[in-house]
Amino acid sequence: MFVTMMMMDQMLDLPPPLSNEVPMMHHVINGDAPQQVILVQVNPGETFTIRTEDGALQCIQGPAEVPMMSLNGSIPPIHVPPGYVSQVLEDNTGLRRVVVTPHSECYPPSYSPALSPSHHIHPQYLTHPHFIPASHTSYYPPGSPGDVPPHQFYQHRLPPIYPEEIIPLYNISTFMGHEEYCKPPPKKLKQPVERTSLSHVTSPLSNSYKNTTACTTTTNGYGKSHSSPGGGGGGSPGSKRPDRRARGSPKHSDTEPQDHDVDTRRVQAVPSGMDKPQVSNVQSRSALVSWTSVSVSGSSGRVTSCGYELQLKDKGRDSKYKVVYSGEELQCTLTDLRPATDYHVRVNTVCNSVKGPSSDARAFTTHSAPPDTPLPPRLSHRTKSSLTLQWKPPADNGSKITSYVLEWDEGKKNSIFREYYVGHQRHCKLMRLCPAVGYTFRVAALNDIGTSGFSTEVLFYTTGSLPQTSLPPRLVQAGPSWLTLEWTRPNSCSTEEVVTYTLEMQDETKGLDFQAVYSGLELNRKVESLRRNTQYKFRLITCSGECCSAPSSLFLCKTTPDRPGPPVNPAVNTVTYHSFCVTWEPPQDDGGSGDLTYVLEISEGDSEERQWTTLYRGPERKHLCEDRKPATSYSLRLSCVNVGGQSQCSDDLTVCTHIPPPGRCQPPRTVGNVKHKEMTLQWDGPLCGEESENVEFSLEMCAMEEGSEPMEVYRGCKAEGTVGNLLPGTTYRFQVRAANSVGYGPYSESVEISTAAGPPGPCSPPAINVTSHTCADVTWENKENSGIDISEYRLDWGHDLDSLELVYSGTETYFQISNLEASTDYCCRLKAVNQAGAGPYSDLVTCRTPAAAPDVVSGFRLVDHPLNPTESDPFSHSTCLALTWDEPRCNGAEMTSYSISMGDDSIITVGNVTCHIIRDLLPDSEYSLQIRAENEMGPGPFSQTLTVRTRPLPPSPPRLECAAVGPQSLKLRWGFSSRSQLTDDTTYVLQMEDRNQRFVVVYRGPSHTFKLQRLSESSRYRFRIQAVSEAGDGPFSEMYTFCTTKSLPQTLKAPRVIQLEGNACEVTWESIPPMRGDRISYVLQMLGGRDADYKQVYKGHETSFQLSGLQWNTDYRVRVFACRRCTDTLQELCGSFSPSAHFNLRRTDATLAVEADVTRVPMGNTLTDEQFAVLIVFGVASLSVLMAFLLQLLI
């Protein structure tokens, strides 16, 4: 700890307090006396404690600087712990420092003890109210005692006039004893030179001095001491101590320059505390930690950049934190964390090698993850055919392991693993294995998060001995699609032992696996169905009993190429007198080998016994054949050769060398009669000979007019040709020449030949004059044709070219065509005919007839229902007629309207529609109607007369009455209407309103009565009725409302009689619940003795009554009925009597119950009235249910 004193003439401008970490304390300042500020620098991990005027203790945690004011310029006494002394140092700038160091013989001789432990401080030395963690001054101790003048080392002798004393300036938790302090410093990591230099320059005085002053100890005869950074200073004169880096200071070289005469001191920044860091993006093995920045300002106001240290622990708050990040960033991504583990992080600032206080710890838990990769399984037991494996469970990473997956390579050693076992057990037994065979295994663990990685592969062998490894097979013979291999029997197998050989082959086009192509006892095998010129790999496995040897080494062999096919597309070009060039394409099948040699053979002449001579042999696909005879025929054939052999020869190719050009031909001459358009000419060729074979002739023709160019009219091998498309009566000049493969010969002498007269030429187009929409006049001009008279003209007329027909044939030049259609396109053409024949047609001429009034309307008829009904205008057959018709031809003008005539000079005009409704007609009346169409050209003719008749008026609805009313039924009836006469085929439709206020049909038929069943009692129902006849559906009647009556109470069962003590008895009967809110009362009647009629003995709401005063041995009968009291009408409705109950009072010793006996008729098996009534009611109810069921089925 350092106490720095500065003499000042006025009050210092101190920064404001930060976060109120140091309580505000008033200080006493005398303006007349000189003021001195004492800065108490508290190091990290230490505590500065001071007693205030009121006796309270104030503790300040380091690192911090606490300014204190002194009015008289004296240094307050400071209590120090045992073993420590305080020294006062003053530099050449006037600054004095109080240094607290351990009391030992090894402190520098120039630093003498100053203050005794009993020194006190006056109350006027009070702490300044501002806590300044971000600004302090850095001071550097001198390198040797000689650097400080002797007069600046002194001891303060303070007078004992201060009643108060300052609390010792140390923290018990950070205090080190003499022995611990003298221990050698621990080793630290090497830091970069740049950072070491900066840290050395800016290190605070407390650290520098404390680290450069230590005790000397002797261990094993070697002395150790602490020296200053400059290497000077010793414990005693003449003692030599080795240079050593100070404990806790950065490492630096001895050659580093140091300036011990620095007059100015730099400002040391003190970092403050930080907020709790934030943890986000927590994963199973990583997390992102971020924190807020802290700005630290020195006493000069300059902002100092700070770094941050992030510390992490994972075993609770009491374990040690480890620094996982150090830098200037505000966030850090933690990696390599353990899943499902609780961690705590905290952060602190580091400014110029001074660490600030750590923030509060932030706790977080990493997510669960798939299990760790388990260890490889281990072998617990093995036999010749089984292996038993076990494995240990790996770390589950927060989620319980649910199962394990064991995979193996099935002993194939191809790195292809297959699943063998999946389950929660940690052991597995593999059965049915081969003896002495190695199997590779690996295992993985699964939990709810995922699957771990597979363990390292491990190889285990089953027990048993293998036969000797076989030698690889040998090639006996190879072909294009087969290979013959052989092998030898292993020497280790006896002659009596049965040895099985398995030959495996690898085809790279089908995969890398070896496939067995033979398994047996033979020592050779022919492998077929192979591809030609392809390499295959083979290996041999020998099996003796249950043991199989390892596969032999690989044997590579290749199939041979096949014979190629013949070359294709041979061709000959560039043929001359003495040479020609032959080209060809490679064969479609090269036999599996790309190296081909082509062989070209030639034969002269066309004889059957040809002598073939090899003309070319090589890899090229073209050859020039030279030194050939002219006009000679040659035959060529091709073949190709490869390693597999020679192919078949191609088809023969014939070529002939050129011959000399032919000589002059004879002039052409006519053959037969010359026609008006064609003639046949014939000529003689050049002299016959070898050179005149395969001669082609060219005949040219030229007209006699000046400037006419000759043109070729014939080319062929024959010496005769027909020339056509000539003009009649015209003279032409002809000449001919011969040609062969070499070229053309000279022209023959020209000859002039004239054609005969022909038929007339094409006529001029006729003129058409349309006079009306049904008539047109056609005229044309007379055709003069080479003085030959025209015998007739032929005129064709029609709608289009395909429909033209001959309408006129004669010598006139005029014709009138009638019966045409209006607004229709027509066309015509004309041709002339003479004795030579008919000439060609003229150009086609078209015309169009004008529009006219529409045609007669057809299909005028009456329909029962309108095609386009409307709800606003109802349709009635008695007063309306629905008409429709077919649209006629409009004759070129758009239809505008239709006119309907009703026979009495009244015409109804409608629009361009094909249907209409005539309304407001008389019922049962007959009308005669006609219709015509109109367009822009005018009205058309009327159609034929249509006689129609309206229907009579529909019947009026009858009056509806209620004939009978019941609790659950209504019987309705209706009579005849006075306004209309009803017929026998009149049908009535009765409708009733339902709960949704919609009318539904309840009856349709000719009857005049209908009874509705299954209604609710005392309910109102609304009805309406309609009469329907041939005239149509009549209107509905007005609404009728009828109401059902209330139901009578049901008939009770016979009452029960129980005899009581004495001549009394109790009568009970069944109860009836209230009916629609109406209460039920009961009436009890009794008949007994000589009474002829029943007398009422009780009326009320109870269901029992006691009779007293009865006579012994007398017959009595009782009966009961229910009464319904209507609350709305106060009417009482009584039900039927119940069956009577008979009883007789007899004297007995004990009271006995008398059972009710239903009264029977004195006749043998005759039913009583009540029983008969019940039977009738049951029958009627059954019949009603049956009828209702049948009606439901019908509906």
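**Exercise 1. Take Lys-355 and work out how it and its salt-bridge partner sit in this predicted model.**

Solution. Start with Lys-355: its relative accessibility is 41%, so it counts as partly exposed, since that class runs between the 20% and 50% cut-offs. Next, find the partner. Lys-355 forms a salt bridge with Glu-309, and their closest N and O atoms are 3.4 Å apart. Now place the two in the chain: Lys-355 belongs to strand 20 (residues 354-355) and Glu-309 to strand 16 (residues 307-313), so the bridge ties together parts that are 46 residues apart in sequence. Last, check Glu-309: at 10% relative accessibility, this residue counts as buried.

**Exercise 2. Do the same for Lys-537 and Glu-508: how far apart are N and O in their salt bridge, and is Glu-508 buried or exposed?**

Solution. First the contact: the two side chains meet in a salt bridge at 3.8 Å, N to O. Then the location: Lys-537 is in strand 34 (residues 535-544), while Glu-508 is in the loop between strand 31 (499-506) and strand 32 (514-520), so these distant parts of the chain, 29 residues apart, get linked. Finally the surface: Lys-537 has a relative accessible area of 21% and is partly exposed, whereas Glu-508, with 55%, is exposed.

**Exercise 3. Start from the salt bridge of Asp-1078 and Lys-1046, and find which residues share its network.**

Solution. Begin with the pair itself, whose side chains meet at 3.4 Å, N to O. Asp-1078 lies in the loop between strand 77 (1065-1068) and strand 78 (1079-1088), and Lys-1046 in the loop between strand 75 (1040-1043) and strand 76 (1056-1059), 32 residues apart. Both Asp-1078 and Lys-1046 are buried. Now follow the shared partners: salt bridges join Glu-1017, Lys-1046, Arg-1076, Asp-1078, Arg-1124 and Asp-1128 into one network. For the wider picture, the count of salt bridges comes to 37.

**Exercise 4. Describe the second largest pocket: how much space lies in it, and which element gives the largest share of its lining?**

Solution. Volume goes first: about 1900 Å³ of space lies in this pocket. Then the lining: 45 residues line it, and Gln-968, Ser-969, Gln-1013, Arg-1014 and Leu-1015 lie nearest its centre. Elements that give two or more residues include strand 70 (987-993), strand 73 (1020-1029) and helix 4 (1169-1194). The largest share, 14 residues, comes from helix 4. To finish, sort the lining by character: 26 residues are nonpolar, 11 polar and eight charged.

Definitions and conventions:
Residues numbered from 1 in each chain as written. Predicted model: local features only at pLDDT ≥ 70, side-chain atom pairs only at ≥ 80, totals over all residues. Heavy atoms only, no water. 1 Å grid on protein atoms, 1.4 Å probe; cavity = no way out; pocket = protein on both sides within 12 Å on 5 of 7 lines; lining within 4 Å. Points joined across faces, edges and corners; volume = space filled by probe spheres on them. Helix = DSSP H or I, 4+ residues; strand = E, 2+ residues; numbered from the N terminus. Nonpolar A, V, L, I, M, F, W, Y, C, P; charged D, E, K, R; others polar. Salt bridge = Lys/Arg side-chain N within 4 Å of Asp/Glu carboxyl O. Buried < 20%, exposed > 50% of the residue type's maximum accessible area, 1.4 Å probe, protein only.
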